[in-house]
Amino acid sequence: MKLHSSVIPHRGAVLSAHAGLWWGLLGVIAFSFTLPFTRVAVGGLSPLFIGAGRAVIAAMLAAIALTVTRQRPPTRAQWMRLAVVAGGVVAGFPLLTSFAMTTAPASHGAVVVGVLPAATAAMVVLRTRERPAAPFWVFAVLGAVAAIVFAALQSGGLGDLHWSDLMLFAAVLAAAIGYAEGGLLARELGSWQTVSWALVLSSPLVAALTAFAAVDRPPSATTAQWLAFAYLAAVSMFLGFFAWYRGLALGPMAQVSQVQLAQPVLSILWAALLLHEPIGWLTALDGLAVIACAALAVRTRLNATSLRPTATFPSEEH
């Protein structure tokens with residue numbers, strides 16, 4: 001065995017049908033703190049510094065991990081696909097949500113981002129041969145509708161949605177594309193290797209943006225704001241993807257993506273506990289509806305033709 005290989009094939013290893021869901025849930029829990037902590041950080045740091053700076057720190061951690069474990073560099077074709085991942089989850093989602101959180105409450109942002117699972121599932125269908133059964137789509141659409149209603153309750157109505165909502169929906173699209181492509185690459189490069197290479201690839205751009213942001217608006221933050229930024233860099237931008245891409249790689253990707261329907265509810269819970277944002281009973285009921293749709297969606301089986309590619313998976317080198 002070569003030390004720089006990213007995956008080790010075990011042809012006979014059959015993985016648990018629920019392994020992808022559990023890994024995905026772990027990633028969702030890590031990501032659920034992202035918007036509340038972003039809301040904390042923007043109190044003393046510019047949104048550009050937060051969105052780009054957290055990627056710089058994560059890229060440093062990724063470079064160390066890749067060097068220590070002597071990972072094999074991606075192929076030219078894989079670098080092109082990594083650029084898609086980087087554009088979606090390293091640059092697009094962090095920057096857009098950071099700017100949105102300057103005006104929108106964390107709880108509001110969380111429910112708008114609740115449409116991400118449905119968007120990811122759609123991107124998976126476009127990008128792969130996975131074809132969920134009809135009930136899956138019914139529950140996925142219901143979950144997305146519940147998340148949109150959730151957002152409307154927070155903002156006072158659909159007619160009161162602001163520019164920050166447009167940025168949040170754009171962030172959803174960027175993340176959905178990055179998640180779908182990253183899940184596929186994780187099957188070839190490994191879960192943590194995928195996000196690590198994407199971070200390294202984007203490091204020159206995000207470093208330049210961070211330097212510009214620091215000069216334009218010098219950082220002036222409290223200890224709590226710096227700690228929130230540290231979480232965004234180390235966990236939201238790096239460690240959380242270890243679990244999330246592992247879950248998507250194990251799949252079925254369209255089903256695992258629906259676990260993220262629980263993220264807006266968790267994020268609103270953290271916003272209430274950490275930021276003291278109010279939660280009404282209508283919001284709580286809609287949150288339960290989102291979780292119910294997620295539970296029904298992930299329990300829906302895919303067609304037999306969609307299950308064949310996910311029966312086995314090469315275990316990763318640690």
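Q: Helices (H or I, at least four residues) and strands (E, at least two) are DSSP runs, numbered from the N terminus. How many helices and strands does the protein chain have?

A: The chain has 14 helices and two strands. Before we go on: this is a predicted model, where local features need pLDDT of at least 70 and side-chain atom pairs count only at pLDDT 80 or more, while totals for chains, interfaces and linings use all residues. Residues are numbered from 1 along each chain as its sequence is written, and side-chain values use heavy atoms, leaving out hydrogens and water.

Q: How do I read burial, and what share of the 318 residues is buried?

A: Look at relative accessible area: under 20% is buried, over 50% is exposed, and in between is partly exposed (1.4 Å probe, protein chains only). Here, 54% of the 318 residues in the protein chain are buried. Helix α8 is mostly covered, with 19 of its 27 residues buried. Leucine 205, in helix α9, counts as exposed because its relative accessibility is 52%. Its C-alpha is 9.0 Å from that of alanine 91, although the two positions lie 114 residues apart in sequence numbering.

Q: How do I check a helix against its expected length, and what do the end C-alpha atoms of α8 show?

A: The expected span is 1.5 Å times one less than the number of residues. For α8, the 27 residues should span 39 Å, so the 37 Å between its end C-alpha atoms agrees. Helix α6 (residues 116-127) has 12 residues and reaches 16 Å, close to the 16 Å expected.

Q: Which residues of α6 are buried?

A: A helix has a useful rhythm: with 3.6 residues a turn, residues three or four places apart point the same way. In α6 the buried residues are Leu116, Pro117, Thr120, Ala121, Val124 and Val125.

Q: What is in the largest nonpolar core?

A: A nonpolar core is a set of buried Ala, Val, Leu, Ile, Met, Phe, Trp, Tyr and Cys residues joined through side-chain atoms within 4.5 Å. The largest one has 54 residues, and those with the most contacts inside it are Val90, Tyr179, Leu199, Phe241, Trp244 and Tyr245. Two or more residues come from each of α1 (19-31), α3 (47-68), α4 (76-100), α5 (106-112), α8 (163-189), α9 (191-216), α10 (223-250) and α12 (263-275). The most come from α8, which gives 10. Apart from this core lies another, of 18 residues, among them Ala41, Val42, Ala228 and Phe229.

Q: Which residues is tryptophan 244 in contact with, leaving aside its neighbours within four places in sequence?

A: Contact means heavy atoms within 4.5 Å. On that basis, tryptophan 244 is in contact with Trp23, Gly24, Gly27, Val28, Phe31, Tyr179, Val256, Ser257 and Gln260. Glycine 24 belongs to helix α1 and counts as buried because its relative accessibility is 0%. With the same neighbours left aside, glycine 24 is in contact with Ala243, Trp244, Gly247, Val256 and Val259. Its C-alpha and that of valine 259 are separated by 6.7 Å, yet the two are 235 residues apart along the chain.

Q: How many cavities of 30 Å³ or more are there, and what lines the largest?

A: Rolling a probe the size of a water molecule over the atoms shows where empty space is left. On a 1 Å grid over the protein atoms alone, a cavity is a set of points where a 1.4 Å probe fits but cannot get out, and lining residues have an atom within 4 Å of a point. The count comes to three cavities of 30 Å³ or more, and the largest has a volume of about 120 Å³. Of its 15 lining residues, the closest to its centre are Phe31, Thr34, Arg54, Phe93 and Tyr179. The elements α2 (34-41), α4 and α10 each give two or more residues to the lining.

Q: Where do positive phi values occur in residues other than glycine?

A: Most residues other than glycine have a negative phi. Arginine 70 has a phi near 55° and is found in the loop between α3 and α4. Histidine 276, with a positive phi of about 60°, is found in the loop between α12 and α13 (281-299). Arginine 70 is partly exposed, with a relative accessible area of 48%, whereas histidine 276 is exposed at 66%. A glycine case is glycine 190, which follows α8 and has a positive phi near 105°.

Technical notes: On a 1 Å grid over the protein atoms alone, a cavity is a set of points where a 1.4 Å probe fits but cannot get out, and a pocket is an open set with protein on both sides within 12 Å along at least five of seven lines; lining residues have an atom within 4 Å of a point. Grid points are joined across faces, edges and corners, and a volume is the space filled by probe spheres set on the points.
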